[in-house]
Amino acid sequence: MSLLQDIQTYQPENEQEACDKEQMIQYLLNNPDCLERKNQIAHFTASIWTVNKERTKTLMAYHNIYHSWAWLGGHADGIEDLSSVAMRELQEESGVQNAILVSRDIFSLETLVVEGHVKKGQYVPSHLHLNVTYLAEADEKEALVVNEAENQAVKWWSFEDALNVSSEPWMVEHIYRKLIEKCRR
């Protein structure tokens, strides 16, 4: 299936996802460069909500740009298979090599606001990340590696602690809580 078909068939969890789903469909249909970050208004990204086998902990990184503990993920950079992007980002940002993608189905959808910032010496204007999230399981005993270009630390957190260590209130209340609830079902 194509990314458009994957998003069209996704069943929204709540009003936020329903609204973001519609926005993503329209953006895909009207912006052929939406998989590229050269589109400075909005572009697709993929995140991976990585949990231990018991689904009691999640893997997070202390992100250099956001100065917060956060999930892992990155830009599509022209790749339509966002599940492969999410898995690649998990490996690059944490060193985890043996994670299992629970399903190729989308786990969550969200449109995220990215404030203007400097990356690699260049100013990046404020824009939107049309984000598709996938669910992975990993062994929390596997060695973690910090990717200094992306983050300052990588660590497993209990679900409750993950909500407390993130310094992004909107992410905690509207995204991470939703992901944790979905894992508990």
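# A walk through a predicted model

Asp77 lies in the loop between E4 and H3. This is a predicted model, and Asp77 is a handy place to enter it. The phi angle of Asp77 is near 50°, a positive value in a residue other than glycine. Is Asp77 buried or partly exposed? Its relative accessible area is 35%, so Asp77 is partly exposed.

Arg55 shares this kind of backbone angle. Its phi is near 55°, again positive in a residue other than glycine. Look for Arg55 in the loop between E1 and strand E2, which covers residues 57-63. Arg55 has a relative accessibility of 24%, so it counts as partly exposed.

Now step from the loop to strand E9. Leu135 is found there. Its relative accessibility is 6%, and buried means under 20%, so Leu135 counts as buried. Which residues does Leu135 touch, leaving aside its neighbours within four places in sequence? The list includes Arg55, which we have just met, along with Ile48, Trp49 and Val51. It also includes Ile100, Leu101, Val102 and Ser103. Phe107 and Cys183 complete the set. Another residue to find from here is Ile106. Leu135 and Ile106 are 29 residues apart in sequence, yet their C-alpha atoms are 8.0 Å apart in space.

Trp49, one of the contacts of Leu135, leads to the aromatic rings. How many aromatic pairs does the structure hold? There are four. Take Trp49 and Tyr176. Their ring centres are 5.6 Å apart and their planes meet at 20°. Planes under 30 degrees apart count as stacked, so this pair is stacked. Where do the two partners sit? Trp49 lies in strand E1, residues 42-51, and Tyr176 in helix H5, residues 169-183. The pair therefore ties together parts that are 127 residues apart in sequence. Both Trp49 and Tyr176 are buried.

Tyr62 and Trp69 pair in another way. Their rings are edge-to-face, with 5.7 Å from centre to centre and 75° between the planes. Tyr62 has a relative accessible area of 24%, so it is partly exposed. Trp69 has 13%, so it is buried. Go back to Trp49 for one more link. Ring pairs join Trp49, Trp71 and Tyr176 into a cluster.

Rings can also meet charges. Lys155 lies over the face of Trp157, at 4.1 Å from the ring centre. Phe107, a contact of Leu135, has a lysine too. The charged end of Lys182 sits over the ring of Phe107, 4.8 Å from its centre.

Return to strand E1 for Thr45, which has its place there. Thr45 has a relative accessible area of 3%, so it is buried. What does Thr45 touch, not counting residues up to four places away in sequence? Its contacts include Gly74, His75, Ala76 and Leu82. They also include His129, Leu130, Asn131 and Val132.

His129 brings us to the largest pocket. The volume of this pocket is about 1200 Å³. It is lined by 45 residues. Which of them lie nearest its centre? They are Ile65, Tyr66, Val114, His117 and His129. Several elements give two or more residues to the lining. Among them are E1, strand E4 (72-75), helix H3 (82-94) and H5. Strands E6 (108-114), E7 (117-119), E8 (122-124) and E9 (127-137) do so as well. The lining divides into 17 nonpolar, 16 polar and 12 charged residues.

The second largest pocket holds about 270 Å³ of space. It is lined by 15 residues. Those closest to its centre are Met1, Asp6, Arg104, Asp105 and Ile106. Ile106 is familiar from its place 8.0 Å from Leu135, C-alpha to C-alpha. Which elements give two or more residues to this lining? They are helix H1, residues 3-9, and H3. H1 gives the most, with three residues. By class, the lining has six nonpolar, four polar and five charged residues.

Note on methods. Residues numbered from 1 in each chain as written. Predicted model: local features only at pLDDT ≥ 70, side-chain atom pairs only at ≥ 80, totals over all residues. Heavy atoms only, no water. Phe/Tyr/Trp six-rings, centres within 6.5 Å; stacked < 30°, edge-to-face > 60°. Helix = DSSP H or I, 4+ residues; strand = E, 2+ residues; numbered from the N terminus. Buried < 20%, exposed > 50% of the residue type's maximum accessible area, 1.4 Å probe, protein only. Lys NZ or Arg CZ within 6 Å of the ring centre and 35° of its normal. Contact = heavy atoms within 4.5 Å. 1 Å grid on protein atoms, 1.4 Å probe; cavity = no way out; pocket = protein on both sides within 12 Å on 5 of 7 lines; lining within 4 Å. Points joined across faces, edges and corners; volume = space filled by probe spheres on them. Nonpolar A, V, L, I, M, F, W, Y, C, P; charged D, E, K, R; others polar.
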